[in-house]
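Opened this one up today to see what sits inside and what shows on the outside. Jotting things down as I go.

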Amino acid sequence: MFLQKLTNGLLFIYFLFCSFLAPLLDAQIILPIEFFPKFLVDLHSRYAEEFNDYLISEKPHFFVGLFWVDILILWPICIANLYGIVNKKSWVKQTCLIYGVSAATGMVAILSELIRSGREGSSKVVSIYAPFMVFAIICILNGLTTSNKSSSTVNLTARPAMGRKKRA
């Protein structure tokens, strides 16, 4: 019970962070720069220069595709998960699983590209992307756990109520 509440609290903070990060910074990868305020564009370009993140500066096709998935699919799921965690909805585990599998798949592609590139400073960039992989795994594990409520309310020994016969 405590572990589930702790996990939900961590995931709430993560989803809150991602729900702001995706439209403000991640969308700069796929949308024209004119759509964003200058300070956000400067922040994004300063990050790419400071950490030598060649994926952001060069924008390879797979990276742009992953960010389309991030904006069109994962961002709405983040918002839905925020709503579900706050209101204790029963479907949160399923949407966490969906989010986690999709995010982990994308992070495997990004991390393997960074590790195999052999470029200078890529280990710094890996350390920035790695927490997103950790949270994707936490989402997967959260989605795979069973709820104690559903298993305790099922009574396997109870017999179904006998219906009354209809009279003609």
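My notes below cover the core, one odd acidic residue and a surface patch.

**Entry 1, the core.** I'm working from a predicted model, so I kept that in mind throughout. I looked up the largest nonpolar core first, and it has 39 residues. The ones with the most contacts inside it are Phe15, Ile56, Phe63, Tyr99, Ile110, Leu114 and Tyr129. Then I checked which elements supply two or more residues, and got α1, α2, α3 (54-58), α4 (61-86), α5 (92-117) and α6 (122-144). The top contributor is α5, with nine residues.

**Entry 2, Leu114.** I picked Leu114 from that list and pulled up what it touches, skipping residues up to four places away in sequence. I got Tyr54, Leu55, Ser122, Val125, Val126 and Tyr129.

**Entry 3, Asp26.** Which side chain of opposite charge is nearest to Asp26? I found Lys59, 12 Å away. A salt bridge needs the charged atoms within 4 Å, and Asp26 has none, although it is buried. I placed Asp26 in the loop between α1 and α2. Again leaving out residues up to four places away in sequence, Asp26 touches Leu21, Phe67 and Asp70.

**Entry 4, the surface.** I also noted a nonpolar patch on the surface, made of Leu31, Phe35, Trp68, Val69, Leu72 and Ile73. Together they have about 560 Å² of accessible area. Leu31 is in the loop between α1 (2-24) and α2 (38-50). Is Leu31 buried, partly exposed or exposed? I get 32% relative accessibility, so Leu31 goes down as partly exposed.

Conventions
Residues are numbered from 1 along each chain as its sequence is written. This is a predicted model: local features need pLDDT of at least 70, side-chain atom pairs count only at pLDDT 80 or more; totals for chains, interfaces and linings use all residues. Side-chain values use heavy atoms; hydrogens and water are left out. Patches are made of residues with over 30% relative accessible area and no salt bridge: like charges are joined within 9 Å, nonpolar side chains (Val, Leu, Ile, Met, Phe, Trp, Tyr) within 5 Å. Accessible areas come from the Shrake-Rupley method with a 1.4 Å probe; for residues, only the protein chains shown count as cover. Helices (H or I, at least four residues) and strands (E, at least two) are DSSP runs, numbered from the N terminus. Buried means under 20% relative accessible area, exposed over 50%, partly exposed in between (1.4 Å probe, protein chains only). A nonpolar core is a set of buried Ala, Val, Leu, Ile, Met, Phe, Trp, Tyr and Cys residues joined through side-chain atoms within 4.5 Å. Contact means heavy atoms within 4.5 Å. Lys and Arg count as positive and Asp and Glu as negative; His and the chain ends are not counted.
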